[in-house]
Amino acid sequence: MDNQRHKIILNELDKKGNVTVANLVELTGASESSIRRDLVELDHQGFLKRVHGGATLIPKATQTTEDPLAKRQLFNADEKKKIAKYAASLIEDNDVVYLDAGSSTLELIEYLDQKNAHYITNGLMQAQQLTLKGFHVVCLGGEVRNITGACVGANTMKSLNRYHFSKGFFGTNGIDMTNGFTTPDSEEAAIKELAMERCQMSYVLSDHSKFNKKSSYKAFDFQDIDIVVVDELPIVYQEKLANANCQIIYTKEK
């Protein structure tokens, strides 16, 4: 029932921009203490801002820029390590694996021990690290984005079209209920979308900080993904993913 109340609260906020506890008690039939707990949780998850007697909507700013890869590796490092370690354990003998460019997939390489798999990536740093560890790796090539080290553009797309992957591991800059999984760059979004289409199983690796954020370009939607590997996520996304037949794997307790 908490999840249903959260949806009602957020829908009311979308319509009005602000709500009062008294209004929400009348709207949901819940007690005042239950509504206050809901607002505390939704505030913690970044969906609203609590104010005296109620809450206001936080406008969703679109992220049009991104931090360099080296800086992003430092964000939520402990959570990323657990997510990466679990993801690495999913790779099996003779898998043909696609690794997206990004800090989460770069962390995954630290935990890889499956040398009988084949690795394909559009990330220069991913390719370098895989090579240094003695793995069989193909870098797709193409125009390189300095800030992420990702290969993008027509040549990358052409190379990507030659492959079918048994598993693909992807990062994301933002996830929100309306826009799905997003990134600040249109060409990286196009590469992510095509690569995911060519995966038998697709995994998105995301720590909790990416939820309720959006960037300029959609890479894929909830129904495009098979599995999301997270430390934790806001409760309203659980139903969204379940309705899209997307499995959630939690690493917080692993």
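## A tour of two sheets and a helix

Start by selecting Ile227, which lies in strand 16, residues 227-230. The model on screen is a predicted one. Colour by accessibility. Ile227 counts as buried because its relative accessibility is 7%, and the cut-off for buried is under 20%.

Now show what surrounds this side chain. Which residues does Ile227 touch, not counting those up to four places away in sequence? They are Met201, Ser202, Tyr203, Val204, Cys246, Gln247 and Ile249. Keep Ile249 displayed; the next stop uses that residue.

**Strands 16 and 17**

Extend the selection to strand 17, residues 247-250. Strand 16 and strand 17 pair in the parallel sense, over four bridges. Click Val229: opposite this residue, in strand 17, stands Ile249. Then trace the chain between the two strands. The path leaves strand 16, passes through helix 10 (residues 235-243) and arrives at strand 17. This β-α-β crossover is right-handed.

**The seven-stranded sheet**

Zoom out to the whole sheet. Seven strands make up this open sheet, with parallel pairing. Read across, their order is 7-6-5-10-13-16-17. Which strands stand at the edges? Select strand 7 (136-139) and strand 17 (247-250). Each has a single partner strand, so one side of each is left without a neighbour in the sheet. Look along the sheet for its twist: neighbouring strands are turned by 20° against each other on average, direction ignored.

**The strand 7 edge**

Move to the strand 7 edge. Select strand 6, residues 118-121, together with strand 7. Four bridges link the two in the parallel sense. Two facing pairs are worth labelling. His118 stands opposite His136 in strand 7. Ile120 stands opposite Val138, also in strand 7.

Add helix 7, residues 124-132. Helix 7 packs on the sheet and touches strand 5 (96-99), strand 6 and strand 7. The direction of helix 7 makes about 160° with that of strand 7. Strand 6, helix 7 and strand 7 together make a right-handed β-α-β unit.

Step one strand inward, to strand 5. Strand 5 and strand 6 run parallel and are joined by four bridges. Pick Val97; the bridge partner of Val97 in strand 6 is Tyr119. Follow the chain from strand 5 through helix 6 (residues 103-109) to strand 6. That β-α-β crossover is right-handed.

**Ser166 in strand 10**

Next, select strand 10, residues 165-170, and pick out Ser166 within this strand. Is Ser166 buried or exposed? Ser166 is buried, with a relative accessible area of 18%; the limit for buried is under 20%. Turn on contacts. Leaving aside neighbours within four places in sequence, Ser166 is in contact with Asp95, Val96, Gln200 and Met201. Met201 was also on the contact list of Ile227.

**Helix 9**

Hide the sheet and select helix 9, residues 186-197. Its 12 residues reach 17 Å from the first C-alpha to the last. That is close to the 16 Å expected at 1.5 Å a residue. What caps the N-terminal end of helix 9? Asp185 does: a side-chain oxygen of Asp185 lies 3.1 Å from the backbone nitrogen of Glu187.

Now colour the buried residues of helix 9: Glu188, Ala189, Ile191, Lys192, Leu194, Ala195 and Met196. An α-helix has 3.6 residues a turn, so residues three or four places apart point the same way. Keep that in mind while viewing the helix end-on.

**The three-stranded sheet**

For the last stop, use a distance tool. Draw a line from the C-alpha of Ile227 to that of Val51: the separation is 36 Å, across 176 residues along the chain. Strand 2 covers 48-51. Here three strands form an open, antiparallel sheet in the order 1-3-2. Strand 1 (18-20) and strand 2 stand at the edges; each has a single partner strand, so one side of each lacks a neighbour in the sheet. On average, neighbouring strands of this sheet are turned by 20° against each other, direction ignored.

Select strand 1 and strand 3, residues 54-57. The two run antiparallel and are joined by three bridges. The bridge partner of Thr20 in strand 3 is Gly54.

Finish with two helices. Helix 2 (residues 21-28) packs on this sheet, touching strand 1 and strand 3, with its direction at about 80° to that of strand 1. Helix 3 (residues 32-44) lies across strand 2 and strand 3 and runs at about 135° to strand 2.

Methods:
Residues numbered from 1 in each chain as written. Predicted model: local features only at pLDDT ≥ 70, side-chain atom pairs only at ≥ 80, totals over all residues. Heavy atoms only, no water. Expected span 1.5 Å × (residues − 1). Buried < 20%, exposed > 50% of the residue type's maximum accessible area, 1.4 Å probe, protein only. Polar contact = N/O pair within 3.5 Å; in protein donor to acceptor, adjacent residues only side chain to side chain. Pairing = 2+ DSSP bridges. Axes fitted to C-alpha atoms, helices over the stretch in contact; angles between N-to-C directions. Contact = heavy atoms within 4.5 Å. Right-handed = clockwise from strand over helix to strand, strands pointing away.
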